[in-house]
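Please open the model in your viewer and keep the selection panel at hand. The tour below proceeds from one selection to the next and describes what is found at each.

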Amino acid sequence: MRSEKDSYDYKRYAILFVDDEATSRKYFQRLFGAHFWILEAEDGADALKVFQENANDIAVIVTDQRMPNETGVGFLSKIASDYPDVIKILSTAYADLEAAIGSVNRAGIFRYVTKPWDIPELEITLRRAMEFHLLKRERDTLLLAKILAVGNVLLANRLAAFAFVPVCGAISCSHAAEAIASFIRLAISSRDFSVNPKSLVSTPDLAKLHARQIELACLLESKLPLALAEVDIASRVTAMAKAMEAAGARSVSVNTQTWEIRSDSDPMPQLLEAILGHESDSNKSIHAVAVLASLMAIYDSGYKVTRKRCSTLHFEICPRQENEKEETKSPGYLAAKWLMEDELLVSAALGIL
């Protein structure tokens with residue numbers, strides 16, 4: 001049967017030990033170095049530097065209170081708000097105990113230990129601190145997975161609303177869902193595409209999200225007929241290029257012989273943010289929906305848009321391979337089918353991949 005000590009990987013993350021006495025640092029390393037990954041610092045200023053260089057790897061900080069330049073509590077208070085999950089332990093002489101206790105809340109201290117140390121008790125404290133940190137990390141990972149799953153549902157609902165705009169608005173437009181899938185691919189395959197992980201764990205305001213979804217869907221319902229009014233593929237490709245330029249693309253050029261759109265800049269990642277409701281600027285939303293509508297018009301013509309690998313924006317427009325069997329299905333069926341099958345797009349747009 002595995003012992004309690006074997007149940008956790010105590011060297012997965014580091015303990016930062018801060019003490020101005022070299023003898024204390026050497027003693028701490030000799031006592032606990034076999035069981036823990038230990039980093040050292042000689043005072044508060046040095047500790048801040050070491051911590052900033054290794055912040056993602058440090059789980060526990062054990063710091064002396066009385067040191068030159070800065071106290072242990074002073075150092076801990078500087079990182080307390082930005083790194084609440086790091087377990088902080090204050091090591092203090094009995095004479096400084098009252099002051100240390102008074103500073104516990106300010107620095108977010110998990111526990112304090114008095115000098116001289118009770119070695120077995122200190123080892124238990126370090127193990128409990130590391131276990132607590134590991135459990136919190138595991139909890140946060142599970143929580144993030146749940147939030148991302150909810151995000152998938154919300155995003156799929158947003159995309160479905162766009163895909164069903166032609167159906168609900170009685171607008172004759174083929175391959176709407178494929179066009180939406182293409183819009184996401186064109187954005188996430190951009191070299192400028194990036195995701196802020198902190199935005200993934202924020203709790204959404206469902207009321208605002210729903211209102212934003214309706215607003216964007218209604219905007220698409222008004223823009224799509226204008227895009228479809230262009231009668232041929234050349235006009236629709238040109239209209240998409242103009243929509244891209246209005247959205248911020250620089251030096252846009254169109255070649256209707258080889259069916260290409262080029263630009264020196266790529267606004268697609270920002271347009272995707274607007275389509276997903278992450279952008280509150282109404283002008284950006286209008287431009288994003290206009291680009292989406294023009295893309296849907298191109299797909300309605302029986303063409304598709306792909307991105308070519310290059311340092312700048314380069315779209316290629318070419319005929320789609322038609323599936324005669326699917327053409328007999330209703331537009332609503334095709335929209336649902338494409339959105340349900342393309343879960344990879346949902347994950348990529350949320351930044352999971």
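## First selection: helix α1

Select helix α1, residues 22-32, where S24, R25, F28 and F32 are the buried residues. These residues lie on the same side of α1, because they cover an arc of only 100° around the axis. Next, colour T23, K26 and R30, the exposed residues carried by the face of α1 that is turned away from its buried side.

Before moving on, display the whole chain. The model is a predicted one. The protein has 16 helices and nine strands. Of its 353 residues, 44% count as buried. Among the contacts between residues at least 6 apart in sequence, 68% join residues at least 24 apart.

## Strand β1 and its partners

Select strand β1, residues 14-18, in which five of the five residues are buried. Show the side chains: A14, L16 and V18 point one way from β1, while I15 and F17 point the other way.

Now add strand β2, residues 37-41, which pairs with β1 in the parallel sense over five bridges. To locate one of these bridges, select L16 together with its partner in β2, L39. Follow the chain from β1 through α1 to β2: this β-α-β crossover is right-handed.

Then add strand β3, residues 58-64, which also pairs with β1 in the parallel sense, over five bridges. Here the residue to pick in β1 is A14, whose bridge partner in β3 is I58.

## K88 in strand β4

Which strand holds K88? The residue is found in β4, residues 87-93. K88 counts as buried, because its relative accessible area is 1%, below the 20% cut-off for that class. Select Y83 as well, since the side chain of K88 reaches the backbone oxygen of Y83 at 3.0 Å. Finally, draw a C-alpha to C-alpha distance from K88 to I109: the two are 4.9 Å apart in space and 21 residues apart in sequence.

## The open sheet of β6 to β9

Select β6, β7, β8 and β9 together. They form an open sheet of four strands in the order β6-β7-β9-β8, with antiparallel pairing. The edge strands, each pairing on one side only, are β6 (253-255) and β8 (303-307). Neighbouring strands of the sheet are turned by 20° against each other on average, direction ignored.

Within this sheet, focus on β7, residues 260-263, and β9, residues 313-319, which pair in the antiparallel sense over four bridges. One bridge to display is that between E260 and its partner in β9, E316. Then add helix α11, residues 233-246, which lies across β6, β7, β8 and β9 and runs at about 160° to β9.

## S263 in strand β7

Stay in β7 and select S263, which lies in this strand. Is S263 buried or exposed? With a relative accessibility of 2%, S263 counts as buried.

Two polar contacts of its side chain can be drawn to backbone oxygens. The side chain of S263 reaches the oxygen of R250 at 2.7 Å and the oxygen of S265 at 2.9 Å. Next, show the residues in contact with S263, leaving aside its neighbours within four places in sequence: A249, R250, S251, V252, T312 and L313.

## Three backbone details

Most residues other than glycine have a negative phi, and most peptide bonds are trans. The following selections concern departures from that pattern.

Begin with S251, already listed among the contacts of S263. S251 has a positive phi of about 50° although it is not a glycine, and it is found in the loop between α11 and β6.

Continue to A170, in the loop between α7 (165-168) and α8 (176-188). Phi of A170 is near 55°, a positive value in a residue other than glycine. A170 counts as exposed, because its relative accessibility is 71%, over the 50% cut-off for that class.

End at the pair K115 and P116. What is the geometry of the peptide bond from K115 to P116? This bond is cis, with omega near -5°. P116 is found in the loop between β5 (111-115) and α6 (119-163).

Terms used: Residues are numbered from 1 along each chain as its sequence is written. This is a predicted model: local features need pLDDT of at least 70, side-chain atom pairs count only at pLDDT 80 or more; totals for chains, interfaces and linings use all residues. Side-chain values use heavy atoms; hydrogens and water are left out. Two strands pair if DSSP finds at least two bridges between them. Helices (H or I, at least four residues) and strands (E, at least two) are DSSP runs, numbered from the N terminus. Axes are lines fitted to C-alpha atoms, for helices over the stretch in contact, and angles run from 0 to 180 degrees between N-to-C directions. Contact means heavy atoms within 4.5 Å. Buried means under 20% relative accessible area, exposed over 50%, partly exposed in between (1.4 Å probe, protein chains only). The arc is that of the directions from the helix axis to the C-beta atoms. A crossover is right-handed if, with the strands pointing away from the viewer, the path from the first strand over the helix to the second runs clockwise. A polar contact is a pair of N or O atoms within 3.5 Å; within protein, one must be able to donate a hydrogen and the other to accept it, and residues adjacent in sequence count only if both atoms are side-chain atoms.
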